[in-house]
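Colleague: Could you take me slowly through one part of this model, starting from a single residue and then following the chain outwards from there? I am new to this, so please explain each term when you first need it.

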Amino acid sequence: MRNKDRISELPDALLLQILSLLPTTKDAVATSVLSKRWRFLCKMMPSLRFCYERTNDLERFSDNVCTFLLSHQAPVLQSLHLEMNFGRGSTRDIGVLLGVAFGLHVRELELQVYSGGEPYRFPTSLYKCGTLETLKLGPNVLVDVPFPVCLKALTTLRLYKVIVKDERSVVNLLSSCSSLENLEVITCTHSDVK
């Protein structure tokens with residue numbers, strides 16, 4: 001019996017755990033060539049990680065991630081990690097992609113944006129995700145929080161070198177997190193917010 005066949009006989013839960021340990025979701029999808037069964041498993045992964053590096057094809061990247069998310073079949077998306085590395089001045093809105101993830105009831109979102117240009121504006125409409133338990137933002141993410149906000153399930157908030165629009169944004173964000181247990185803030189050195 002070949003090793004490929006032995007691996008395919010493992011239970012789905014163990015295979016999903018193995019796939020989740022790979023560095024990115026793209027790597028996990030590449031394993032689908034091993035077996036037809038693995039193609040289905042990639043759509044059931046509870047944790048997804050996508051990385052965008054400075055290429056000129058952000059639209060294609062965003063479309064591919066949206067297509068993957070729309071075909072996702074797990075009942076709940078446990079975590080989504082997006083790492084975006086933009087060139088100077090090329091930051092573009094990925095709000096649709098985040099909206100699709102929130103439609104999948106994502107519980108943990110980590111968004112890292114690296115850009116030499118303008119900060120990435122986190123979509124204000126997404127501050128109303130009732131299923132989000134963990135939110136990690138930064139660096140170079142603009143936190144501009146409207147009122148009202150509904151993050152009632154949020155227990156962990158990590159803000160790493162984000163740019164906060166004003167003190168009202170801080171008040172609106174923190175006052176909406178009634179279940180908050182863990183707060184980690186590493187501010188930007190040029191922030192004027194107290």
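Modeller: Let us start with N140, which is buried, its relative accessible area being 13%; here buried means under 20%, exposed means over 50% and partly exposed lies in between, all worked out with a 1.4 Å probe on protein chains only. Please keep in mind that this is a predicted model, in which local features need pLDDT of at least 70 and side-chain atom pairs count only at pLDDT 80 or more, while totals for chains, interfaces and linings use all residues. Residues are numbered from 1 along each chain as its sequence is written, and side-chain values use heavy atoms, with hydrogens and water left out.

N140 sits in the loop between β5 and β6, where helices (H or I, at least four residues) and strands (E, at least two) are DSSP runs numbered from the N terminus. The backbone of N140 deserves attention, since its phi is positive, about 65°, although the residue is not a glycine. As background, most residues other than glycine have a negative phi, and most peptide bonds are trans. Within that loop, which runs between β5 (134–137) and β6 (141–143), we also find P139, and the peptide bond leading from G138 to P139 is cis, with omega near -10°. If we follow the chain further, P148 belongs to the loop between β6 and β7, and the bond joining F147 to P148 is cis as well, with omega about 0°. A positive phi turns up again at K161, where the value is near 50° in a residue other than glycine. K161 lies in the loop between β7 and β8 (163–164) and is partly exposed, with a relative accessible area of 38%.

Now consider what surrounds L137. Leaving out residues up to four places away in sequence, L137 touches L111, F122, Y127, V143, R158, L159, Y160 and V162, where contact means heavy atoms within 4.5 Å. L137 also has a part in the largest nonpolar core, that is, a set of buried Ala, Val, Leu, Ile, Met, Phe, Trp, Tyr and Cys residues joined through side-chain atoms within 4.5 Å. This core has 53 residues, and L111, F122 and L137 are the ones that touch the most other members. The element that gives the most to this core is helix α5 (residues 58–70), which supplies six residues.

Strand β7 (residues 156–160) includes T156, whose contacts beyond four places in sequence are E133, T134, L135, L180 and N182. With N182 there is also a polar contact from side chain to side chain, at 3.2 Å; the term stands for a pair of N or O atoms within 3.5 Å in which, within protein, one must be able to donate a hydrogen and the other to accept it, and residues adjacent in sequence count only if both atoms are side-chain atoms.

S179 is placed in the loop between α7 (167–175) and β9 (182–186), and it is partly exposed, at 29% relative accessible area. Apart from residues up to four places away in sequence, S179 touches K152, L154 and T155. A polar atom of the S179 side chain lies 2.8 Å from the backbone oxygen of K152. Between S179 and L154 there are 5.9 Å in space from C-alpha to C-alpha, although the two are 25 residues apart in sequence.

A further serine can be set beside this one. S79 belongs to strand β2 (residues 79–85) and is buried, with a relative accessible area of 14%. The side chain of S79 makes a polar contact of 3.0 Å with that of S47, and S47 also appears among the contacts of S79 beyond four places in sequence, together with P46, L48, V106 and E108.

Finally, we can step back to the whole chain. The protein has seven helices and nine strands, and 43% of its 194 residues count as buried. Among contacts between residues at least 6 apart in sequence, 63% join residues at least 24 apart, and the pair S179 and L154, 25 residues apart in sequence, gives you a place to begin looking at such distances along the chain.
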